[in-house]
There are 2 protein chains.
Amino acid sequence: MNKVKINKYLRELIPFHGNHFLTGNGYFGVRGTLEEYTKEHMPCINMAGIYDRVGDKWRESVNAPNPLYTYIVSGGKKYSLPDVECESHMQELDIYRGIHMRKTTWRTEQGIVTVTCERFASMANQHAIGMKYSVCTNYDGEVEIVTGIDGDVWDINGPHFTKLLISENDKILSVTGITGEMGISVTAQEKVCTDFDAEISTEKNNKSVFRRIRIKTQKDKIYTIKKTAVISSSVDDNPVIEDIKSADYDKMKNDSINAWEKIWEISKVEIDGDDEAEFALNYSIYHLNCIAPRNLKSKSIAARGLSGQVYKGAVFWDTEMFMIDYYMHTEPEVAKTLLKYRIDTINGARAKADEYGLQGAYYAWESQEGGIEGCSEYNTVDVFTKRPMRTYFRDKQYHVSAAIVYAFMKYINATGDYGILAEGGAETIIECARMYRSLLLKKADGNLYEVHDVVGPDEYHERVNNNAYTNRMIKFCFEKAVEYTEYIKNKYSSYYDKLNEKYDLDKLIPLFKTSAEEILIKQPDENGIIEQFDGYFGLEDASVPEVRARLIDPKEYWGGAYGVAADTQVIKQADVVAMLSMFKDDYSKDIMQKNLEYYEPRTEHGSSLSACMYSLLSCYTGDADAAYPLFMKSASADMAPGGKEWIGLIYIGGTHPASEGGAWIAAVKGFAGLDIIEGKPICRPCLPSHWQGMRFNIIVQGKLYCVNISKDKVDIKIQ
Amino acid sequence: MNKVKINKYLRELIPFHGNHFLTGNGYFGVRGTLEEYTKEHMPCINMAGIYDRVGDKWRESVNAPNPLYTYIVSGGKKYSLPDVECESHMQELDIYRGIHMRKTTWRTEQGIVTVTCERFASMANQHAIGMKYSVCTNYDGEVEIVTGIDGDVWDINGPHFTKLLISENDKILSVTGITGEMGISVTAQEKVCTDFDAEISTEKNNKSVFRRIRIKTQKDKIYTIKKTAVISSSVDDNPVIEDIKSADYDKMKNDSINAWEKIWEISKVEIDGDDEAEFALNYSIYHLNCIAPRNLKSKSIAARGLSGQVYKGAVFWDTEMFMIDYYMHTEPEVAKTLLKYRIDTINGARAKADEYGLQGAYYAWESQEGGIEGCSEYNTVDVFTKRPMRTYFRDKQYHVSAAIVYAFMKYINATGDYGILAEGGAETIIECARMYRSLLLKKADGNLYEVHDVVGPDEYHERVNNNAYTNRMIKFCFEKAVEYTEYIKNKYSSYYDKLNEKYDLDKLIPLFKTSAEEILIKQPDENGIIEQFDGYFGLEDASVPEVRARLIDPKEYWGGAYGVAADTQVIKQADVVAMLSMFKDDYSKDIMQKNLEYYEPRTEHGSSLSACMYSLLSCYTGDADAAYPLFMKSASADMAPGGKEWIGLIYIGGTHPASEGGAWIAAVKGFAGLDIIEGKPICRPCLPSHWQGMRFNIIVQGKLYCVNISKDKVDIKIQ
C-alpha cells in the first residue's frame, strides 16, 4: 500500500478529507480539498509560523491566497463539487511521492466531462506548488477552465488580509495579502502552460484574479494545463530563489519526488505481518514529514500541523512530548530547529511568567511567533449560554515548561549534541526551573514543597493540588537544571560565567537541589495506585459511558468547573500513565501494570495525545497485545473520520501530528523497545503476537543504524 | 406605629407574607400564612434545631404538624384563600404584643360571611400557640368551621415524617410526626372551646385529624372558637409542663403579652424625627425577639430564623457576625446560648477539619445539630442545565471559624463574662487557630504566610488567594488565641493545665504568635484601596447594572465559575468593607472613605449581610447621611416584597435576621456610636441630619444603661 484513496464523494466529509489528503512541505500545508472549493469548504494553504489578529478575536495562523483555484464551465454552467452532483469521484494521496490526485466526472447536457488533477507541495523547493489539471469530454463541444488565485481565503477568526494587491504581469498572476496586525505580506504567484490552443482572457475582482481558458474539445481528447505556483511572505527566512518564469512543472515534480524518496529512505518503518499497521504508521510518518520545518529558523510545529488555523496555528507541548522523538532520530536538524524555537522565544515565556508574578520562563500554552501566548483565558464557548467560558489552560498548565526541558534531555541523549546547551539551552532550562521554584509552597508545619492550583495533562480536572505528573516533571526540571549547569561549568565555562553573573548560579543551583529533594512526589498507595492529584480518589467513580450519558449536548465540554467529568474520576487523557511512561526506570512493572489497569477504563482518550502513552506503557509492562489497539488508534488518527471535532462550540478538527508522532514512539520505543544506552541504540522488542518483525532506520548520535527485528532476533547495524 | 398591615389580598405575595407576618417564640416560628392554607402555600411551624434528611436530599429543619389548620364551609362549598376570591381581606401583626390578626369576607350564595382570627406563639410558654377564630354571617344560615391538625406539612426536601400517629382523646386532637433519619417525634396537640352550641364531629385521614363544627348562624352574630395548642418534641430541652387540658386561651394570651412587654422594656429603640426608621428598626428587633433561643440549651439561630426550611434551617456565620451584638446588649444569656452552641458542637467542626485534612476546628458553613455540616458540595442548581452546581461555600469559606472567635471577643467585651473561656470558649478558639495554622502556606522564597484557595464573604469570587478579609480575620484569630490563653493561664490555671496537656500550648502558642506576625495582610495601594484578593484589580471593571444586563435568566447565579460577576470586580457583599468596619481602629477615616467609595458602586448587595456593613463604615467615616439609606435597606429587609428569592433554582426566601441584627448594629454602633471602653458604654453619635435624637437601653457587663442622645448631648444613665 502506498496510497489513501476514496471512490465516492461525501459532502459531509469535506472537513475530514481536507486533513486526510493533506500535502505539505513544512513551509506550508495544502489541505486536501478540491480545486474548485471556495472558503465555505475550507480549502487552505496554511503558512507555518505567520500569525495575525483581527480585533479581539483569537490570534491565529494565516492562510495564503490560493493559487490552485480552478473549475470548469460547460454550456454556461459551472461544474463543481459539492454544488453539482458528480457521476463519479476518485481522490487519492500517494504518501511516498507526496502527490494528491483527483478524478471527477459530471454529466453535462452534452455528455460526460472528466476532470483529472494531480498536485503537490514541492518537497525540493519549499515555496513551490505544482498542479496538472486535465479536462476531457466524451463529445465534441466546448469547455472553459477557469483558473487563477483566490484571495478570498478561508479564515476562522479572519479576515486577516486587510489589503489585497492583485496583478497580472507577463501572464503571471499574483495576489498579495497584507495582514492587518503586523502588515505582513503573503504572496501567491502562478503561471499556466497549456498543450493546446485556446482563447484565454484574464479577469480580476477585488479579491481574485483568474483566467478563462476556452477550449473547443474533441471527443475523448485530453486537454491539460500545467500550473507552477510560488508562495512567499515578507517574513521568509529564505527568500524565493527560483524564478517562477522559468519554472517547469515536470522538473518540479521530479525534484519533489526525489526529495520525498530521500526522506523515506531513512524514515520508513516496515512491519512484517501487518500491512494495515505498516501503512497506518507510515501514513503518520508522512504527515510528520509534511510539516517538519526543514529550511526554517526558529519555527516549530503547530498542534494541528499545517492543516489550518485550528488551535490558532499555535505550538503546544505536543511538539516536545510527541513529535520531537521522531525527528531527532530521522532528521536531527529538524529536532534542533524545534528546540531553537523555544530558545529563541524565551522572552515570550519570560513575559508570561512575569504576568503571573513568577520568576523565570513560563512557556505559552499556545505559542505563536516570539513565544507570544495565543491561548485566551476564554478558550471555549459554553454550549448552553453561548458565552465564552473561562478556562485555565493558559494560566495553570505549568507542566508545559517542563515538557520542553524533557525534550532537551531526549534530544541530547539521542544526538549527543550537548552544544545546544551553550546555544541557549542551558539558560532555557534554568529559566524554567526558576519559574517552578516560584511555584513551590510549603505548609507552615510541613516538610515538603507542594504545588497547588494546577491543571495537569488531564484537563478535565482544573485547579488541582499536587498533580502527580506536574510535581514529578518539576522535580525532573530541577534535576536537569542542576545536571546541565554542572556540565556547562566544565565544558563551556565562559558561557557558564555569563549565566552565573546573570543568575548567581552558585546560590541558585543549591536551591534547585533542595527543591528537587523536597518536592512532594506522589507514591503508590496500598493498592499500588498513584493518585492523580490530592482528592482524586474521593471523586465519584463513574464509568466513561456513564459520564458520557450525562451529556445534554454532544458538543458540551466535559471539563471546566461543571463539565460531566469534572467531579468524577473520568479523565481526558494519560496523566499518571504519562508520568509512568516518562519515568519508566523509577517504577516496577507491577506498579505500571496496576496503574494502567486503574486508569485506562477511567480515560476518555479525549485527546489525541492519550492513546500512545497507554500503548507505550503497556509495552513497558510487556503486554504488546494490550498496546496494539491503542497504537493503532494513535496511528489512525487521520485515517478515518470520526475524530473529536468540537470543544464546546469551537471547531478543533485538523490533522493530529502528536498522535502520529506518538504512534512512531509506540512503535519504535514501545514495540521495538528502543533505548539509548551510552550513546548507542539497543532494542528490547515486545512485538504484538501477529507481527513477524520490524525494520527501520534510526540516527543516534550522528550515526545511522538499520534496525532489523524478527521474532527471535534483533539486528542493529551501522550503515 | 405598632403594626404591619395589609388591606388587600395578593396571591403572588403568599410567600412574602409568610415571612412578613411571622410570629414566633424561639422554640418555633409560625409563618404568617392563613389558617386555611395547605402545603402548596407554605404554612409552617418551623422547629428550632430539629433536623432530618430524606434520601440524598439536603438535610433541613423540620416543620411540626400544623394545629392552626382551619377553614369554613358554607352551602357545601369551602371558602378559603387563595382558591375562592374574597370580598375584602385585612391582615396585621402587632409587633409589640406578638399578635397576628386577619379578617376576610367572602360573598356566599346567601350573603356575606366574615372570618376573623387572632393568634400568637406564646412568649410566656414556648410550647404554646393560641388562636381565636370567629365567623359571622349577614344572614341567618349555616356555616361549618373545620379545624384540626394538618400533618401533611410543607417541606422543601421532605417528606420528613415517615410515620404519623394521629389520635383524638377526650376532645384533644393530636398528631405526632416521626422523622425518618433519626426517629425524632414532633407532636402537635390542640383543643377547642366554643361559646355557642354546635354539632361537632371528628374526622381523621392518614395525615390529618379535624373537627367539623356545624353552626346555625343568626344574622350578624359572631361565633367564636378558642383554640389552645401545644407543640413538643422528643428532643426538647424542657418537656412540656403545662397541661393542655387546663390551658385557657385568654390567660395564655395575657401571659404572652406580658412577656413581650418585658422584652420591649429593654429592647425598644426610639428615634426622634423619623417614625419610619423607628418602626423599621423595631420591626427588625421584633424578628430578633421571635427567634431568640431563650429557654433552650445549645441552640443557635438559623440564617432565615424560624421562617422555614430555607437554607436548611442551618446556623451560618450570620449569627455571630450580625445577630449576637443585639442579644449580648439586651439579653446576654441568649448571646451566651448562641456561643455555647458553638462550644458544644466543636466535635462537628473537628470532624469537618479532619475531612479536609486540617487540624483543629473548621465550623460548618451551614451548621445543624451537633455541628453537622448541612451545606452540600452542590449548593445550587444551574438554571440552564438543571444540574446541581458545584459550589465552594462548604469547602472554602474558612472565615466562618474566625467569625465565631470574633463573636467571643465581642461577647466578652460586652458582658465581661471571661468565664465563658473556661466553659470551653478557650478551647474553641485554640481549635480555630489550629485550623488556620494548617492553612498557612509560605512560598519557597517568600517571607510571609499566605492563604490560598478561599472564598471570602463575597461569594461571587471563588477560590481566590489572600482574600484581605480572610487573612485579617485569621491574624485576629491567632492573636485572640494567644491573648485568651494567656488569660486562662492566670485565671483558670487548672483548665489551662488540661488544655496544655492536650495541645502542648507552651509550644503551640509561640507558633500562633509568629503566625499572627507573619501572615500577609493586604495594605492599601497608592490610591488607598485595599485589593480584595490577589488579582482582583485585574478583573473587568464593569458596573453592577452592566453585569446584571448580562443575565440570560433572571434566576441564574451571579457567582460560581462562569457567573456574570465572576470575572468582574462586581461583588456580592461587603468584603474589604466588612474588614474595615470590624477593625476600625487599624485604619484612618481617609482609608475607610476611599474604600467605601471604591467598593460601594461595585457591590450588588446580593446578600442581606451587606448593606449594614456599608452603613456602619459610613458612620465610622462620619457620614451618617450616606449610611442612612443602607441602614434603612437593612432594617426593611422583611418590610416589603422584592427581596432576592432565588439562587439558581433554589428558593431562598424567608426572614432576614442577619439584616435585622445588622440594622440594630448600624443604629446603635453606627448612628449612636456605641463603644465599650474599659467595660463601660460610651457613645460618639453621628445621627442622620433629620434625626433629632435616639433613646435605647443597653446592658453592658451586667449593668442596664439608658442611653439618651439628642442633637447636642449624650446622656448615659445606669438604671
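Colleague: How many residues does helix H12 of chain B have?

Modeller: This is a predicted model, in which local features need pLDDT of at least 70, side-chain atom pairs count only at pLDDT 80 or more, and totals for chains, interfaces and linings use all residues. Residues are numbered from 1 along each chain as its sequence is written, while chains are lettered from A and ligands numbered from 1 in the order in which they are written. Helices (H or I, at least four residues) and strands (E, at least two) are DSSP runs, numbered from the N terminus. Helix H12 of chain B covers residues 505-518 and reaches 19 Å from its first C-alpha to its last, close to the 20 Å expected at 1.5 Å a residue (1.5 Å times one less than the number of residues), and its residues number 14.

Colleague: Within what arc do the buried residues of H12(B) fall?

Modeller: A residue is buried if 20 or more other C-beta atoms lie within 10 Å of its own, exposed if 12 or fewer, and partly exposed in between, with C-beta atoms placed from the backbone. In H12(B) the buried residues are B:Leu505, B:Phe512, B:Ser515 and B:Ala516. They line one face of the helix, because their directions from the helix axis to the C-beta atoms fall within an arc of 95 degrees.

Colleague: Which residues of H12(B) are exposed on the other side?

Modeller: The buried residues of H12(B) are covered by elements of chain B that include helix H9 (419-437), strand S23 (449-450), helix H10 (468-491) and helix H11 (493-503). On the other side of H12(B), the exposed residues are B:Asp506, B:Lys507, B:Pro510 and B:Glu517.

Colleague: Why are the buried residues of H2(B) placed on the same side of the helix?

Modeller: Helix H2 of chain B (residues 249-267) has 19 residues, so a span of 27 Å is expected, and its end C-alpha atoms are indeed 27 Å apart. Its buried residues are B:Tyr249, B:Met252, B:Lys253, B:Ser256, B:Trp260, B:Ile263 and B:Ser267. They are on the same side of H2(B) because they cover, around the axis, an arc of only 95 degrees.

Colleague: Which exposed residues does the face of H2(B) turned away from its buried side carry?

Modeller: The buried residues of H2(B) pack against strands S10 (112-121), S11 (128-137), S15 (185-194) and S18 (222-233) and helices H3 (275-291) and H4 (318-330) of chain B. The face turned away from that buried side carries the exposed residues B:Asp250, B:Asn254, B:Lys262 and B:Glu265.

Colleague: Which residue of chain B comes closest to the rotation axis?

Modeller: When the copies are superposed by least squares on the C-alpha atoms of residues with pLDDT of at least 70 in both, chain B falls on chain A after a rotation of 180 degrees with 0.1 Å of shift along the axis (RMSD 0.1 Å). That is the relation of a two-fold axis. At 2.6 Å from the axis (C-alpha), the closest residue of chain B is B:Lys442.

Colleague: Which element gives the largest share of the side of chain B that touches chain A?

Modeller: Two residues are in contact if their C-beta atoms, placed from the backbone, lie within 7 Å, and 24 residues of chain B are in contact with 24 residues of chain A. Two or more residues of this side come from each of strand S21 (388-390) and strand S22 (441-443) of chain B. The largest share, three residues, comes from S22(B).

Colleague: Which residues touch the most other members of the largest nonpolar core?

Modeller: A nonpolar core is a set of buried Ala, Val, Leu, Ile, Met, Phe, Trp, Tyr and Cys residues joined through C-beta atoms within 7 Å. Leaving aside neighbours within four places in sequence, A:Cys477 is in contact with A:Ala402, A:Val405, A:Cys432, A:Ala433 and A:Tyr436. In the largest core, of 396 residues, the members that touch the most others are A:Cys477 and B:Cys477.

Colleague: How far apart in space are B:Lys39 and B:Trp154?

Modeller: B:Lys39 is found in the loop between strand S3 (28-30) and strand S4 (45-52) of chain B, and it is partly exposed, with 16 other C-beta atoms within 10 Å. Its contacts, leaving aside neighbours within four places in sequence, are B:Asp152, B:Val153 and B:Trp154. Although B:Lys39 and B:Trp154 are 115 residues apart in sequence, their C-alpha to C-alpha distance is 4.3 Å.

Colleague: Is B:Asn466 buried or exposed?

Modeller: B:Asn466 lies in the loop between S23 and H10 of chain B, and it has a positive phi of about 50 degrees although it is not a glycine. Because it has 24 C-beta neighbours inside 10 Å, B:Asn466 counts as buried.
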